[in-house]
Amino acid sequence: KARTVLLATEKAFAADAVSKIEAVTSAAGYKLARLENYKSKDDLLKAVADADAMIIRSDKVDQAVLDKAAKLKIVVRAGAGYDNIDLKATEGKGVVSMNTPGQNANAVAELVFGMMITSARNNYDGTSGFELVNRSIAFYGFGAVARAVHKLAQGFGMKSFAYDPYIPAEKIAEMGATPVATVAGLFEHQYVSLHVPLTAETKASINKELLMKMPKGGTLINTARCEVVHEADMVEVFKARQDFCYLCDVAPDDKAAKEAMTAAVGDKFGKRLIFTAKKMGAQTLEANDNCGVAAANQIVAFFEKGETRFALKA
Ligand code: NAD
């Protein structure tokens with residue numbers, strides 16, 4: 001019987017990306033089962049019973065899903081962050097997990113600049129703004145997205161700084177950014193942009209102490225995950241500093257935290273606080289195609305050639 005690849009996307013891919021994914025799976029002789037825009041976890045639990053492989057986006061793969069997935073061998077997160085996969089549970093069941101690193105980096109980088117310009121020009125409210133040229137931007141994490149932002153920052157004539165303990169300082173310097181030795185060191189710069197994965201170490205790591213260190217016009221950009229920021233501290237910072245800005249791809253899940261931040265800013269034109277309506281960093285035609293097709297190719301390479309280059313570890 002042909003292998004079944006389940007495309008389980010609570011937030012569906014663009015139709016064009018789905019056809020491209022299907023072209024890859026059908027060329028390999030696999031069946032693509034689609035569970036898109038599903039409303040309840042039960043739908044996912046039912047659909048997964050038949051799947052040999054799964055492509056997901058922000059969809060959660062936890063023990064409950066794995067318990068129903070009798071045939072599952074591989075799950076690929078079409079995107080970068082994989083905090084929605086319980087890697088201990090997949091490993092426990094012998095299921096391989098992968099992401100598609102770098103495939104949406106440019107999409108996120110362009111959004112970072114979109115939000116920076118909107119804020120620097122006072123959300124086009126008719127008042128005078130400022131330019132990005134000669135300003136400094138510091139990256140917390142210097143992986144695929146941060147490097148794509150850095151490349152654009154170079155074009156804008158900005159100065160880049162980066163902290164990433166998993167990349168040698170010389171390599172950061174070679175790429176044209178100045179290595180920074182500590183997380184705190186990043187907060188000496190006007191812009192700090194978060195590009196770390198959500199882990200026990202990074203969760204709620206951006207706190208009041210760090211944010212209060214930022215120079216005048218200090219702006220935090222978050223296209224990583226909301227949870228990396230200590231939200232109660234953020235409210236305090238907004239109250240204490242009239243100059244501080246927070247540009248964030250997706251509002252906090254916690255409605256009270258979102259309302260408290262919005263109330264603390266009182267920013268009618270949305271120049272100090274930007275929340276996207278939903279996570280939009282990777283919501284482009286190109287990123288949908290790149291991530292979806294990469295996921296499908298990785299599944300085929302895994303089954304046909306035993307390829308595990310992008311396998312994730314708990
Ligand atoms: P990546 O894996 O290429 O880069 C992550 C970098 O963070 C790596 O270089 C790693 O060494 C570094 N890192 C890990 N732990 C760290 C720590 N404690 N301190 C400092 N650096 C640390 O991933 P990426 O593609 O650049 O994406 C980064 C994150 O951005 C993802 O994990 C995801 O959560 C988020 N993301 C969001 C969107 C979106 O739609 N908004 C899209 C893509 C990625």
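In the predicted model, a nitrogen atom of the ligand is placed 3.3 Å from an N or O atom in the side chain of Glu201. Two further polar approaches involve the protein backbone: a nitrogen atom of the ligand lies 3.1 Å from a backbone N or O atom of Thr223, and an oxygen atom of the ligand is found 3.2 Å from a polar backbone atom of Ala282. On its own the ligand has 850 Å² of accessible area, of which the protein covers 87%.

The surroundings of the ligand comprise 27 residues, and those that come nearest are Ala144, Val145, Asp164, Thr223 and Asp249. Thr223 thus belongs to this nearest group and also presents a backbone N or O atom to a ligand nitrogen. When the shell around the ligand is sorted by class, 14 residues are nonpolar, eight are polar and five are charged.

The protein chain that surrounds the ligand is divided into two domains, with domain 1 formed by residues 4-103 together with 283-305, and domain 2 formed by residues 105-275. The C-alpha centres of domain 1 and domain 2 are separated by 31 Å. Contact between the domains involves seven residues on the side of domain 1 and five residues on the side of domain 2. The size of an interface is often expressed as the accessible area that is lost when the parts come together. For domain 1 and domain 2, the buried area amounts to about 450 Å², with 52% of it on carbon and sulfur atoms. Within the area that domain 1 buries against domain 2, a share of 66% is supplied by Asp83, Gly102 and Thr284, more than by any other three residues.

Polar interactions across this interface were also examined. One salt bridge is counted between domain 1 and domain 2, and a salt bridge is formed by the side chains of Arg225 and Asp83, with an N to O distance of 3.1 Å. Asp83 is accordingly a partner in a salt bridge as well as one of the three residues that supply 66% of the area buried by domain 1 against domain 2. Two residue pairs are in polar contact across the interface of the domains, both at pLDDT 80 or more. By class, the side of domain 1 that touches domain 2 consists of one nonpolar residue, four polar residues and two charged residues.

Note on methods: Residues are numbered from 1 along each chain as its sequence is written. This is a predicted model: local features need pLDDT of at least 70, side-chain atom pairs count only at pLDDT 80 or more; totals for chains, interfaces and linings use all residues. Side-chain values use heavy atoms; hydrogens and water are left out. Domain bounds come from an automatic or database domain assignment. Contact means heavy atoms within 4.5 Å. Buried area is the accessible area (1.4 Å probe) that two parts lose on being put together, summed over both. A salt bridge is a side-chain nitrogen of Lys or Arg within 4 Å of a carboxyl oxygen of Asp or Glu. A polar contact is a pair of N or O atoms within 3.5 Å; within protein, one must be able to donate a hydrogen and the other to accept it, and residues adjacent in sequence count only if both atoms are side-chain atoms. Ala, Val, Leu, Ile, Met, Phe, Trp, Tyr, Cys and Pro count as nonpolar, Asp, Glu, Lys and Arg as charged, and the others, Gly among them, as polar. A residue is near a molecule or strand if one of its heavy atoms lies within 4 Å of it. Accessible areas come from the Shrake-Rupley method with a 1.4 Å probe; for residues, only the protein chains shown count as cover.
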